[in-house]
Amino acid sequence: MFEGVGVVEMWERLRRQEVGTERWVTRMAKVEPERDLERAAAVGARFVIPGDDEWPEQVEVLAEAGQLSRRAGVPFGLWVRGPAHLRQVLEQSVAIVGARACSSYGSHVAGELAAGLSGKGYAVVSGGAYGIDAAAHRGALSIGGVTVAVLACGVDKSYPRSNSALFSRIVEQGLVVSELSPGCSPSKLRFLARNRLIAAASQGTLIVEAAVRSGALNSAGWAEQCGRPVMAVPGPITSRMSEGSHLLIRERDAVLVTDVPEIIEAVSPLGTGLTSYRHSPKTPFDELSHELRRTLDAVPVQTPAPTHRIATTAGLDLPTTQDALEALTALNLVHQSATGWCLTRQPG
């Protein structure tokens, strides 16, 4: 009905109640733009539209992102509340979402990763809900970072209400965002629509904990539709709250991440932000030559052994073994007694 039609012409068609607009015209009686602007002004909010300096152009990927759960498309505008600059904040951002009924493990991980990303200059985007969302917002706020809460209701409402104090803190140093007019209440479909904005607005979406039917998997689906990286934190195989995360890793090519450098690598342009494989700390043994290692392996722990017996055990000739034992003595790895050689006891 409205494909390819600009918002002004769309509005005029609705006002004229043209044929085909019946399903939307029923709402016209309740539409009061001036009232919406007044409500926004009362809470210090603003309306950002395409073409504004603050408009985040990356959300326009939703024009080509297909549909999930009957909710799609680029928002006509975004109601924004808070001091930060929406476009600038979202240029370097990561979404962290997950289960509302999360475990203590999930809450801890979400908070730690959010704080770590904030420390690296990334804004943390989430939905302001219980559980993982709230933990992610608090993690970013804990170090003075910027966090963005994308709501399924008007920016003048706090939902869930018990998170009112959290929303107040977000408004002080971050942003609360919604495509819904002030005064709108949340609904299931609006939560699903909100998820597409979280995915499109950020550089990648991280799922910390999610059950198989979790709404966080809907956010992951939108990230996939938008061509954004999807990441997942592994959890205990005995936890129902990790089943969805493991499903994403096993069947939907989500990137398994365990720390902030791995997240940054996943959302960075190809070939940048790379992190190296983890290695155990080097020990003096790692730096030894082949002959020194063989000799050291042949030296007894407690009962000293003569040089010729160590040479036989190591499979080396006597001069080589003698030179190796002297080198190992200089490294304080072995010591010589009246009856032979044995290992030096290391502190701890």
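Reader: Let's set the terms first: in this predicted model, buried means under 20% relative accessible area, exposed over 50%, and partly exposed in between. Is Trp 79 buried or exposed?

Author: Happy to start there. Trp 79 has a relative accessibility of 5%. The cut-off for burial is under 20%, so Trp 79 counts as buried.

Reader: Which residue forms an aromatic pair with Trp 79?

Author: A search of the whole structure finds three aromatic pairs. In one of them, the ring centres are 4.4 Å apart and the planes meet at 35 degrees, which makes the pair tilted. The partner of Trp 79 here is Phe 47.

Reader: How many residues apart in sequence are the parts that this pair of Phe 47 and Trp 79 ties together?

Author: Phe 47 belongs to strand β1, residues 45-48. Trp 79 sits in strand β2, residues 78-81. The pair therefore links parts whose separation in sequence is 32 residues.

Reader: And is Phe 47 buried or exposed, or in between?

Author: Its relative accessibility is 37%. That value falls between the 20% and 50% cut-offs, so Phe 47 counts as partly exposed.

Reader: Where does Tyr 159 lie, and which helix holds Phe 191?

Author: Tyr 159 and Phe 191 form a tilted aromatic pair, 6.0 Å centre to centre with 50 degrees between the planes. Tyr 159 is in the loop between β5 (147-150) and α7 (164-173). Phe 191 is in helix α8.

Reader: Which residue lies over the face of Phe 191?

Author: Phe 191 is itself buried, with a relative accessible area of 18%. At 5.3 Å from its ring centre, the residue over its face is Arg 100.

Terms used
Residues numbered from 1 in each chain as written. Predicted model: local features only at pLDDT ≥ 70, side-chain atom pairs only at ≥ 80, totals over all residues. Heavy atoms only, no water. Phe/Tyr/Trp six-rings, centres within 6.5 Å; stacked < 30°, edge-to-face > 60°. Helix = DSSP H or I, 4+ residues; strand = E, 2+ residues; numbered from the N terminus. Buried < 20%, exposed > 50% of the residue type's maximum accessible area, 1.4 Å probe, protein only. Lys NZ or Arg CZ within 6 Å of the ring centre and 35° of its normal.
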